[in-house]
Amino acid sequence: MNSKTENKKGYNAVIGLEIHAQLSTKSKMFCSCSTSFGKKQNTNICPVCSGQPGALPSINSRAVEYAVRAALAFNCKINNKNIFARKNYFYPDLPKGYQISQYEEPLAINGWVEIGFKDGSKKKIGITRLHMEEDAGKNTHNVNESLVDLNRSGIPLIEIVSEPDMRTPEEAVAYFKKLKTVLEYLEVCDCNMEEGNLRCDINVSIRKNEHEKFGTKVEIKNLNSFRFVEKALYYEIERQTKMLENNEKIIQETRLFDSSSGITRSMRKKEEAHDYRYFPEPDLLPLILNESFIQKEKDSMPELPDKKCERFMEKYLLSFYDADVLTSDKDISKYYEDLVSYIKEPKVCSNWMQAEVMRTLNEQRIGIKDFKLDHKKLGDLIRSVISGDINQNTAKEVFNEMITGGASAGEIIDKKGLKQISDLTAIEKIIDEVISESMAQVQQYRDGKTAVMGFLVGLVMKKSKGKANPAVVNELLKKKLT
Amino acid sequence: MDLLKLSIPTLAKMLREKKISSQELVSFYLERIKKHKKLNAYITVLEDAVNKAKDIDMKGIKNDDPVLRGIPYSLKDNMLADGVKTTCASRILENYIAGYDSTIAKRLKDSGAVLLGKTNMDEFAMGSSNENSHFGPVCNPWNEKHVAGGSSGGSAVSVSAGLSQFSYGTDTGGSVRLPASFNGVASLKPTYGRMSRYGIIAFASSLDQIGPIAKNIEDLAIAYDVVSGHDPKDSTTSIKNKDGMYEYLIKEVKDRENNFSRKTVGIPRDMLIGGCSKDVLNSLEQSKKVLTDMGFDFVDIDLPNSKYALAVYYIIVTGEASSNLSRYDGVRYGYRTKDYEELKDLYSLSRGDGFGDEVRRRIILGTFVLSAGYYDAYFSKAAKVRSLIKKDFEKVFEKCDSILMPVSPVTAFKIGERTKDPLEMYLSDIFTVSANLAAVPSLGFPAGRDSRGLPIGMQLIGKHFDEKTLFTTAWMIQKQKPEWFNNIATTVKEKKVIE
């Protein structure tokens, strides 16, 4: 367990997530329209996805492959017989008046993922079901009119429904992040949360202790960032706690999170909830997935984050935490492995990745793919530290210069004359000068006050303008003083 | 020579021999359509069809061209043809212009057949008499005070009144066979999955099936051949090879007329007790006699769950229709009310004004049978009984190769006679819905007249994907009873196009 699960008032939260992930197929779920994002409104549409009279859906088999891959990665049991169902409701962004989804016989059930915490502990989160469905269009509301864009209508989605296994906002975020990582590894979802590729609905209730039955749950709809999930949960747990403390009854409802004010607002009560009138989609035959199809998908599965994390721990002798951080992003893990194969030294590489590289990515809000230094450029810099040409502090300066300018590590070191002095005679000369100028401290050292060593090293470094190799200085100075 | 008596193969021959042009043929029908306007068979007439025919004449019709090249036909107004108004006989789609071709329209276009227009129907194919049209009822050309039958009334009348060489309707619970029988023409409700539904305005998707209507069996076979077969755009279509039915009839059956292997026909006697008029029962016996004389064997059969068929049917069709008709919401196309402030009003007023009474009734019923808490008691239970009905047929077909029975217990009733009581109207489908529920094919053929001169129709129901037996049997009946076929109700004198 990563932290205490009850809040100050002693309440426990019970959290479940429903995650919608757009599959990154080139065409839509039930027609051949393009799925590309950012096109002019209502240009990626056809009779099928705009709900014209008489149009019929036909299944995009690539979308089914992607969904099966995801279900396998989440350790689900795949149903051989898949039934699509109609979910009926009226909304302008829903051109047919129903969404083709799955209800009674979803693609997959009974899966799980494991989330890990800094202390190395892990927790399994159950996945109730994973099913395929189509996305709706998008409404835009202006002052006097509302407009509908159907470019998104019919884009394939998978909905992944968790068990109510999470107890804190941190666990919920860790689970959401883990799903994103796995989907990215599988290359079945672009996971661009700003474009809405990956969205999340939360179910949350609270109770006084872990043995009580679940409290009344509240649903929070349509969150598209980890930060919002965390904020919404903190707010909602606090709100429900206050209500129970004031002896108020929590009502089952759907709420919306307002990201600007950080609070949730009621959208509709249980009585106003839709009756979706699910029934089997008569326009599609049952989709039969035979074992050989499933096996083929199993065989083409890439190495997944959990496996990669284990391998990193074993092969590169990293801690769970380090391995977890490095494997939580597919591209970062690849960069890391390229770096290690270029210069060896896995631990040093891990430190560089987690400190300088990831700090820079965060500051610049970019992914490793857009990082200015490829693994060779960074590798050359790390190599000059290992070889003793520059020390760690200088290296950080050089790194900062590399990511702003365009020069290589070698060029910057040469140009600025940063190369360390490792030449023994040159260093010996400086040491001799320092010894003659600091007789008092030298005497103290010889009297047993070894702590003064640091002061003497400092003087040598200062005289060398920081370029003397500290290791060499230490060694030589010791020799001279004894 | 009476053009109205000619079959498609004869016309095709004449077109190739240049004894007639496609333009003459098309003009002939367009002229007749004008003269018979009060039958109200068409919603949209395509005057431009003449130019299409001219084009075809200019390019010429060669021997190996498809047999339908240059021959005029009509489509029920729930089938989309690119650029043509498709109303589904509803106010809500009154001005809807189709933006794409249905698979049937595409296949007919490719064959070179010429579309004359879109025929009247019950709104959204919901009805048995064709009195539920936004554009008014269709009249029966044999007696204009009587109904044409529904829902494909316009299509059936376009053939029976000589307003088209052949036509297509859709049959969800009898909507092709019933009007065809009321009009004295032949029709087919193929096995579910034979015909692509792509571009057909859906009523009840799990039952809807396109059916050809023609005045004789060879025309019916040709009309069936050209549009049947797998379509990647409709995943419920079968990948089974389609039969070349016309070829089969003229090559295989014709040559072996005398030693054609006789088959067994079943009659569900219990179902027919009570309700059937005397004339209809007499006609059934006549058909039986024709077949017996040719050496067919007859057995009595029992379809024990058929008594639930009508109830099951009206639960399934209303449930599916309530969902299928959700897209007509006034948002993207179709009728939209002007008086709305909120979204809810836009929906309820557009749909309330746009749909007629029967359509609204079925949407309400369907919404109810699908709603949480009632789903299990209605829709889900109906689906279970439906599979029992299917099993009944499977069992019966162990004993016989086809089933012979009337299409309807009575002949065409008077306009207005059943409109006050929806339940009585629903009873019109009592003999037809079972074939749809069981997804099996049923061929309707004309079998004489009743005492008032109104046509009587019989149907042959066959095994799953065994249209062949039905066509063969009907073909043989036509040989024995030619007077039952090729009858056109015409009161208006025609000037002769050719001597």
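Biologist: Which residues are linked with A:Asp283 and B:Arg197 in a network of salt bridges?

Modeller: The network takes in A:Arg86, A:Glu281, A:Asp283, B:Arg197 and B:Asp234. Keep in mind that this is a predicted model.

Biologist: What makes A:Asp283 and B:Arg197 a salt bridge?

Modeller: The closest N and O atoms of A:Asp283 and B:Arg197 are 3.0 Å apart. The rule asks for a side-chain nitrogen of Lys or Arg within 4 Å of a carboxyl oxygen of Asp or Glu, so the pair qualifies.

Biologist: How many salt bridges does the rule find across the interface of chain B and chain A?

Modeller: One salt bridge. Over all chains, the count by this rule comes to 57. Polar contacts are another matter: 18 residue pairs make them across the interface of chain B and chain A, with both residues at pLDDT 80 or more. On the side of chain B that touches chain A, the elements giving two or more residues are helix H11 (309-324), helix H12 (343-354) and helix H13 (357-370) of chain B. H11(B) gives the most, with five residues.

Biologist: How do you know how much area chain B and chain A bury between them?

Modeller: Take the accessible area that the two parts lose on being put together, summed over both. For chain B and chain A that comes to about 2700 Å², 55% of it on carbon and sulfur atoms. In terms of contacts, 37 residues of chain B meet 31 residues of chain A.

Biologist: Let's go inside chain A. What makes A:Asp331 and A:Lys369 a salt bridge?

Modeller: Their closest N and O atoms are 3.8 Å apart. The cut-off is 4 Å, so A:Asp331 and A:Lys369 count. This pair links distant parts of the chain, 38 residues apart: A:Asp331 is in helix H7 (residues 330-343) of chain A, and A:Lys369 is in the loop between helix H8 (346-364) and helix H9 (375-386) of chain A.

Biologist: Why is A:Lys369 called exposed, and A:Asp331 partly exposed?

Modeller: A:Lys369 has a relative accessible area of 69%, and exposed means over 50%, so A:Lys369 earns the word. A:Asp331 has 30%. Partly exposed runs between 20% and 50%, so that is where A:Asp331 belongs.

Biologist: What does the pair of A:Lys463 and A:Glu437 tie together?

Modeller: The closest N and O atoms of A:Lys463 and A:Glu437 are 3.0 Å apart in their salt bridge. A:Lys463 lies in helix H14 (residues 453-463) of chain A and A:Glu437 in helix H12 (residues 424-437) of chain A, so the pair ties together parts that are 26 residues apart in sequence. A:Lys463 is partly exposed at 36%, while A:Glu437 counts as exposed at 56%.

Biologist: Over in chain B, how many residues apart are B:Arg360 and B:Asp357?

Modeller: Three, about one turn of the helix, with both in helix H13 of chain B. Their salt bridge has its closest N and O atoms 3.2 Å apart. B:Arg360 is partly exposed at 32%, and B:Asp357 is exposed at 55%.

Biologist: Why is B:Asp65 called buried?

Modeller: The relative accessible area of B:Asp65 is 18%. Buried means under 20%, so B:Asp65 qualifies. B:Asp65 sits in the loop between helix H3 (49-59) and strand E2 (72-76) of chain B. The side chain of B:Asp65 makes a polar contact with the side chain of B:Arg69 (3.4 Å). Leaving aside neighbours within four places in sequence, B:Asp65 is in contact with B:Arg16 and B:Gly60.

Biologist: And A:Ser384, buried or exposed?

Modeller: Buried: A:Ser384 has 8% relative accessibility, and the limit is under 20%, so the label follows. A:Ser384 is in helix H9 of chain A. Not counting residues up to four places away in sequence, A:Ser384 touches A:Asp389, A:Ile390 and A:Ile413.

Biologist: What makes A:Leu317 exposed?

Modeller: A:Leu317 has 70% relative accessibility, and exposed starts over 50%, so A:Leu317 counts. A:Leu317 lies in the loop between helix H5 (305-315) and helix H6 (320-327) of chain A.

Biologist: Which residues form the nonpolar patch on the surface of chain B?

Modeller: B:Phe368, B:Tyr374 and B:Tyr378, with about 270 Å² of accessible area together. Take B:Tyr378, found in helix H14 (residues 376-396) of chain B. Patch residues need over 30% relative accessible area, and B:Tyr378 has 32%, so B:Tyr378 meets that cut-off.

Key: Residues numbered from 1 in each chain as written. Chains lettered and ligands numbered in written order. Heavy atoms only, no water. Patch = residues over 30% accessible without salt bridge, like charges linked within 9 Å, V, L, I, M, F, W, Y side chains within 5 Å. Areas by Shrake-Rupley, 256 points an atom, 1.4 Å probe, with all protein chains shown as cover. Helix = DSSP H or I, 4+ residues; strand = E, 2+ residues; numbered from the N terminus. Buried < 20%, exposed > 50% of the residue type's maximum accessible area, 1.4 Å probe, protein only. Contact = heavy atoms within 4.5 Å. Buried area = accessible area lost by both parts, 1.4 Å probe. Polar contact = N/O pair within 3.5 Å; in protein donor to acceptor, adjacent residues only side chain to side chain.
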